[in-house]
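Please examine the sequence and the structure shown below. The report that follows describes how the chain is arranged.

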Amino acid sequence: KAQCTSEEGRELLSACPPVFREERKSSLRHFAAIYPEDVPLNMLSKMMEGSMQTVWLNQNHFYQNKRVFVTGHTGFKGSWLCVLLAMLGAEVTGFALPPAGEENLFILAGVEDRVRSIFGDIRDLDALSAAFDAARPEIVLHLAAQPIVREGYRDPIGTYHTNVMGTVHILDCVRRSGCVRSFLNVTTDKVYQNNQWPWGYRESDRLGGFDPYASSKSCSELVTESYRRSFLADGGTAVSTARAGNVIGGGDFAPDRILPDCVRAAREGRIIQVRNPASVRPYQHVLDPLAAYLLIAQRQYEDCTLAGSYNVGPESGDCITTGVLADLFCQAWGEGACWEHVGDDGPHEAAVLRLDCSKLRVQLGWEPRWRVGRAVEETVAWTKAWLSGREISRFMEQQIQAFFDTDSANHSK
């Protein structure tokens, strides 16, 4: 199996275009090394097919002319997602609050020129319904949220209203529409009842949430499952949730996040202040979860039996402490950047958080592509390109192409 020398293996490879044949052979060897000898080769091929689709995403025409509705498109993740979808030829309608702050990725990346952008509040059902009905989407990617843990402590009512009722509102639009084939709710790795385990949480583990942000996202998961069972169980609309780890990348200007805090301090020549250097988190570049979201949305569109909840996280070795992440940033930034530990009397935050992403790997064949070191380097490269006056929209396209490039993207360190 590992050498793909059997008649069955040769047949599988011969069906693959020559330009991708070596990549397919490499993936078959990878899966054969992981799974027991009695797993049939055609099953291994099916498992890794999703991984190959990820490799070929920039040649994939699935999203060409697909009507896609993105909530939260003015945020950090949403802006990257819109650029990626535009490159794939999708017809994107975005619904979100206007971009916040003088520095924001939505404006820098020229997202408004790439998609049909509608400014509105996810808590306003009438405004959301009007935008949704006009778009008549086939695919819905729900990213709109209040995403900051500490903001949840400052404004718990607003956090629950946005993260819970916002989910109710978008799902009710889906329920009434009759046009949506694939719905994905993007939540967080913090939805689990955190027991400070050293191993990763699985999708079957108990939901919980200590703080208002985590709890609100757990509620969002429950709302999604309720709507799926109550209104969307006939299979006409495939419904999934994606529970992603901590995301980094160029253009994140949010407060109370470690890498944006590092960037702000380094730009100003200050020592970086790290509150919880021993906290363990699953860090990944923003393009890794976005690729997973698009893969989930596509595969469940094609086969509704693949719908469900999926953890989206990095390799286990990339679940690192905040202090190690700060070290990686200082090395990548240069210019004498350094950090110090400062005491923090702030609200509770989990000390250890890991994800087990076996389900996404086995069922859809997904693999993370940029290791955490590369993710930090690309974040620094984006920031320095922006500070030097480079055209950010073009630079982002180049990073996206590099990410999906078969030579450079395969488990880059």
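This report moves from the whole chain to its sheets and then to a pair of helices.

## The chain as a whole

The model described here is predicted. Its protein chain contains 15 helices and 12 strands. Of the 413 residues in the chain, 57% are buried.

Contacts in the protein chain with a separation of 6 or more can be divided by distance along the sequence: residues 24 or more positions apart account for 80% of them. The protein chain exposes about 17,200 Å², and carbon and sulfur atoms supply 50% of that area.

## The sheet of seven strands

An open sheet is formed by 7 strands, and its pairing is parallel. Read across the sheet, the order is β3-β2-β1-β4-β5-β6-β10. The edge strands are β3, residues 116-119, and β10, residues 309-312; each of these pairs on one side only. On average, neighbouring strands of this sheet are turned by 15° against each other, direction ignored.

Within this sheet, strand β4 (residues 139-142) and strand β5 (residues 182-186) run parallel and are joined by 4 bridges. Val 140 has Phe 183 of β5 as its bridge partner. Helix α8, residues 156-177, lies across β1 (67-71), β4 and β5. The direction of α8 is at about 180° to that of β4.

## The sheet of three strands

A further open sheet has 3 strands in the order β7-β9-β11, and its pairing is mixed. The strands β7 (246-248) and β11 (319-321) stand at the edges with a single partner strand each, so one side of each has no neighbour in the sheet. Neighbouring strands here are turned by 50° against each other on average, direction ignored.

Strand β9, residues 280-285, pairs with β11 in the antiparallel sense over 3 bridges. In this pairing, Ile 320 of β11 is the bridge partner of Arg 281. Helix α14 (residues 372-387) packs on the sheet and touches β7, β9 and β11. The direction of α14 makes about 60° with that of β9.

## A pair of helices

Helix α11 spans residues 287-302, and helix α15 spans residues 392-404. Their axes come within 11 Å and cross at roughly 70°. Because angles of 65 to 115 degrees count as roughly perpendicular, α11 is roughly perpendicular to α15.

On the α11 side, the contact is made by Leu 287, Asp 288 and Ala 291. On the α15 side, Gln 399, Ile 400, Phe 403 and Phe 404 take part. By class, the contact has 5 nonpolar, 1 polar and 1 charged residues.

Key: Residues are numbered from 1 along each chain as its sequence is written. This is a predicted model: local features need pLDDT of at least 70, side-chain atom pairs count only at pLDDT 80 or more; totals for chains, interfaces and linings use all residues. Side-chain values use heavy atoms; hydrogens and water are left out. Helices (H or I, at least four residues) and strands (E, at least two) are DSSP runs, numbered from the N terminus. Buried means under 20% relative accessible area, exposed over 50%, partly exposed in between (1.4 Å probe, protein chains only). Contact means heavy atoms within 4.5 Å. Accessible areas come from the Shrake-Rupley method with a 1.4 Å probe; for residues, only the protein chains shown count as cover. Two strands pair if DSSP finds at least two bridges between them. Axes are lines fitted to C-alpha atoms, for helices over the stretch in contact, and angles run from 0 to 180 degrees between N-to-C directions. Angles under 35 degrees count as roughly parallel, over 145 as roughly antiparallel, 65 to 115 as roughly perpendicular and the rest as oblique. Ala, Val, Leu, Ile, Met, Phe, Trp, Tyr, Cys and Pro count as nonpolar, Asp, Glu, Lys and Arg as charged, and the others, Gly among them, as polar.
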